Amino acid sequence: MIAAPSAVLNELELDALTELVNIGVSKAAGSLRDMVGEQILLSVPNVALFGREEAIAMLGESGQRRLVAVHQVFDGEISGRAMLIFHEANSLELVRAVAGGELSLEDIIELEQEALAETGNIVLNGCLATMANILQRSLKVSLPEVVRGEGAVLFNMAPPPEAGDIILFLYINFVLKSRDINGYIAMLMDMPSLEALALLLREFIERNSEDDE
């Protein structure tokens, strides 16, 4: 049975995590802006905790079952899998923006895998590196891989986190100046890692409180 979100991260810790993710994604947006040559607006991340089945159901409610995800495994004091998830139609539009120019559909499809992996690497690494740096810890991050399928496929990849884990869901709305691209960032973490993250967030909050005094 999944623990209630309030039993894992309290409101103050969730606010601190939202702040860290917001800083990381904002930095990543600057790099993406350089890639696509357009201003990129990102909404404030909406951070929530779900069980695996709840997260799969939430993705299914969007009405677009075919998804594309870039995922990277991170390991350190906290460990898990980070994912940048798009609806399939959005992924092609993102590749078109990254590749630029008047490319044919065949060219876009050929470039899709590489462009998505690079985009995911920038966004996910931006989040993870910023979080680790601010939390004063280091993380090893694997190379990005692209996977396609419905939510159940994305959230049941090997290796673990095993069944019973909690998915930290970060919803972010990506808006390019001339396009509307919606994406999600999800982090799959088991309970020990979430408890370690909560401890690091408490340390972060305490450091900030001391600085304010």
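**Fold and buried positions of the predicted chain**

Of the 213 residues in the protein chain, 46% are buried. The model is predicted. Its secondary structure amounts to 7 helices and 8 strands. The accessible surface of the chain is about 10300 Å². Carbon and sulfur atoms account for 51% of that surface. Contacts between residues at least 6 apart in sequence were also examined; 74% of them join residues at least 24 apart.

One annotated region falls in the N-terminal part of the numbering. UniProt, in an unreviewed entry, lists residues 12-47 as "domain: CheC-like protein". Over residues 12-47, helix makes up 69% of the chain and strand 14%. The C-alpha atoms at the two ends of this stretch are 12 Å apart.

Two residues illustrate the helical part. V8 belongs to helix α1, which spans residues 5-8. The relative accessibility of V8 is 9%, so V8 counts as buried, the cut-off being under 20%. V8 also lies 9.4 Å from L197, C-alpha to C-alpha. In sequence, V8 and L197 are 189 residues apart.

E13 sits in helix α2, which covers residues 11-36. E13 has a relative accessible area of 3% and is therefore buried. Which residues does E13 contact, leaving aside its neighbours within four places in sequence? They are V8, A198, L201, R202 and I205. V8 of helix α1 is thus one of the contacts of E13.

A strand residue gives a further example. L67 is placed in strand β3, made up of residues 67-76. Its relative accessibility is 1%, so L67 counts as buried. The C-alpha atoms of L67 and E88 are separated by 5.0 Å. Along the chain, L67 and E88 are 21 residues apart. E88 is also among the residues in contact with L67. Neighbours within four places in sequence are left aside in this list. Contacts of L67 include L59, along with I85, F86 and H87. Further contacts of L67 include V147, R148, G149, E150, G151 and L154.

Taken together, the three positions share one assignment. V8 is buried at 9% relative accessibility. E13 is buried at 3%, and L67 is buried at 1%.

Methods. Residues numbered from 1 in each chain as written. Predicted model: local features only at pLDDT ≥ 70, side-chain atom pairs only at ≥ 80, totals over all residues. Heavy atoms only, no water. UniProt positions renumbered as here; feature names shortened; annotations may be inferred. Helix = DSSP H or I, 4+ residues; strand = E, 2+ residues; numbered from the N terminus. Buried < 20%, exposed > 50% of the residue type's maximum accessible area, 1.4 Å probe, protein only. Contact = heavy atoms within 4.5 Å. Areas by Shrake-Rupley, 256 points an atom, 1.4 Å probe, with all protein chains shown as cover.
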